[in-house]
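Colleague: Please take me through one part of this model in detail, and then show how the rest is arranged around it. I want the contacts and the cut-offs behind each term.

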Amino acid sequence: VTGEPSSKSEPLPRPRPDWAYFLDVDGTLLDFAVRPDAVRADGAVGELVDRLVARAGGAVALISGRPIADIDRFFPGRQLPVAGQHGAERRNAAGDLSHRAPESDRLAVVRELAHEAIARHPALILEDKGASIAMHYRAAPELADYVRTVTTELQQMLGDGWCVQAGKCVVEIVPVGVDKGAAILAFLAEAPFRGRTPVFIGDDRTDEHGFAAVNARGGYSIKVGAGATVAQARLPSVLAVHRWLDQDATAPLPDIGLTRVS
Ligand SMILES: [Mg+2]
């Protein structure tokens with residue numbers, strides 16, 4: 001740490017107030033738990049997001065695989081811009097909600113079959129989010145192949161309008177054309193995000209769409225943790241994300257393990 005405001009060895013510039021911030025939630029702002037419904041957000045994370053919102057003139061959006069209702073539970077008393085279910089639902093800065101999910105009369109049957117498939121394995125968790133269906137196997141990694149097979153079969157029943165997206169210990173059936181990159185581009189077409197340099201931070205395979213989108217827009221992409229990525233830089237942990245987002249531009253850069261992805 002040199003204490004200089006900027007150095008060529010820094011893989012990324014410091015966060016700037018004129019950027020647009022897009023943040024994944026699980027594994028990025030919040031640490032994982034064995035069950036998705038056991039994840040908790042303490043008040044400090046909310047205050048961190050509040051500070052960022054104030055600094056960036058409101059240009060902060062959460063981009064999550066979770067339903068918007070879950071995100072609002074993590075950040076009570078606020079109505080943050082948010083893309084839920086990878087963008088199948090989106091609430092913009094004006095508070096307007098939009099949905100991108102095809103209707104399918106087979107959805108009810110597929111839901112029923114999904115419940116039957118997980119009922120045979122108590123360690124699996126089915127998360128029916130409305131516009132998407134997720135099967136979690138964090139408590140039973142040996143069931144990864146089973147979950148992949150079942151979700152692929154169910155997606156084939158639903159047809160071309162749906163696809164399978166795999167993440168960390170989860171496989172999801174989501175509408176085609178719905179991904180985090182598309183969600184970020186939708187925000188970037190609107191105030192207060194429009195015209196700003198986008199930065200996206202995420203930790204999972206489904207975040208790669210978001211990294212590609214901000215790279216294409218001349219922005220910055222940061223991957224949390226290990227794994228192949230198209231992101232430009234890497235942070236080692238959720239705590240490092242908090243520290244990177246929360247730094248004072250005039251203070252020495254803390255050693256948080258920010259590295260350039262080669
Ligand atoms: Mg994540």
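Modeller: The answer starts with E172 in strand β9, then goes on to the sheets, the helices and the magnesium ion.

This is a predicted model, in which local features need pLDDT of at least 70 and side-chain atom pairs count only at pLDDT 80 or more, while totals for chains, interfaces and linings use all residues. Residues are numbered from 1 along each chain as its sequence is written, and side-chain values use heavy atoms, with hydrogens and water left out.

E172 is located in strand β9 (helices, H or I of at least four residues, and strands, E of at least two, are DSSP runs numbered from the N terminus). Is E172 buried or exposed? E172 is buried, because its relative accessible area is 6% (buried means under 20%, exposed over 50%, and partly exposed in between, with a 1.4 Å probe and protein chains only). Its side chain makes a polar contact of 2.8 Å with the side chain of H86, and another polar contact, also given as 2.8 Å, joins it to the side chain of K129. A polar contact is a pair of N or O atoms within 3.5 Å; within protein, one must be able to donate a hydrogen and the other to accept it, and residues adjacent in sequence count only if both atoms are side-chain atoms. Leaving aside neighbours within four places in sequence, E172 touches residues including G65, S132, I133, A134 and C163 (contact means heavy atoms within 4.5 Å).

Strand β9 belongs to an open, antiparallel sheet of 4 strands in the order β6-β7-β9-β8 (two strands pair if DSSP finds at least two bridges between them). The edge strands, each paired on one side only, are β6 (125–128) and β8 (162–167). From one strand to the next the twist averages 15° (axes are lines fitted to C-alpha atoms, for helices over the stretch in contact, and angles run from 0 to 180 degrees between N-to-C directions). β7 (residues 133–136) and β9 (residues 170–175) pair over 4 bridges, with M135 opposite V171. Helix α3 (residues 107–119) packs on this sheet, touching β6, β7 and β8, and its direction makes about 5° with that of β7.

A second open sheet has 9 strands with mixed pairing, in the order β5-β4-β3-β2-β1-β10-β11-β12-β13. At its edges stand β5 (97–99) and β13 (259–260), each with a single partner strand, so one side of each has no neighbour in the sheet. β1 and β10 pair in the parallel sense over 5 bridges, and F22 has F200 in β10 as its bridge partner. Helix α7 (residues 238–245) packs on this sheet, touching β1, β10, β11 (220–224) and β12 (233–235), at about 160° to β10.

The magnesium ion is coordinated by D24 (OD), D26 (O) and D203 (OD) at 2.1 Å (donors are N, O and S atoms within 2.8 Å of the metal, or 3.2 Å for Na, K and Ca; water is not among the atoms, so sites may look incomplete). D26, in the loop between β1 (19–23) and α1 (43–55), and D203, in the loop between β10 (197–202) and α6 (208–216), are 177 residues apart. D26 is buried at 13%, and D203 is buried at 1%.

Finally, the axes of α5 (residues 180–188) and α6 come within 6 Å and cross at roughly 40°. That makes α5 oblique to α6 (angles under 35 degrees count as roughly parallel, over 145 as roughly antiparallel, 65 to 115 as roughly perpendicular, and the rest as oblique). K180, G181, I184 and L185 of α5 meet H209, G210, A213 and V214 of α6.
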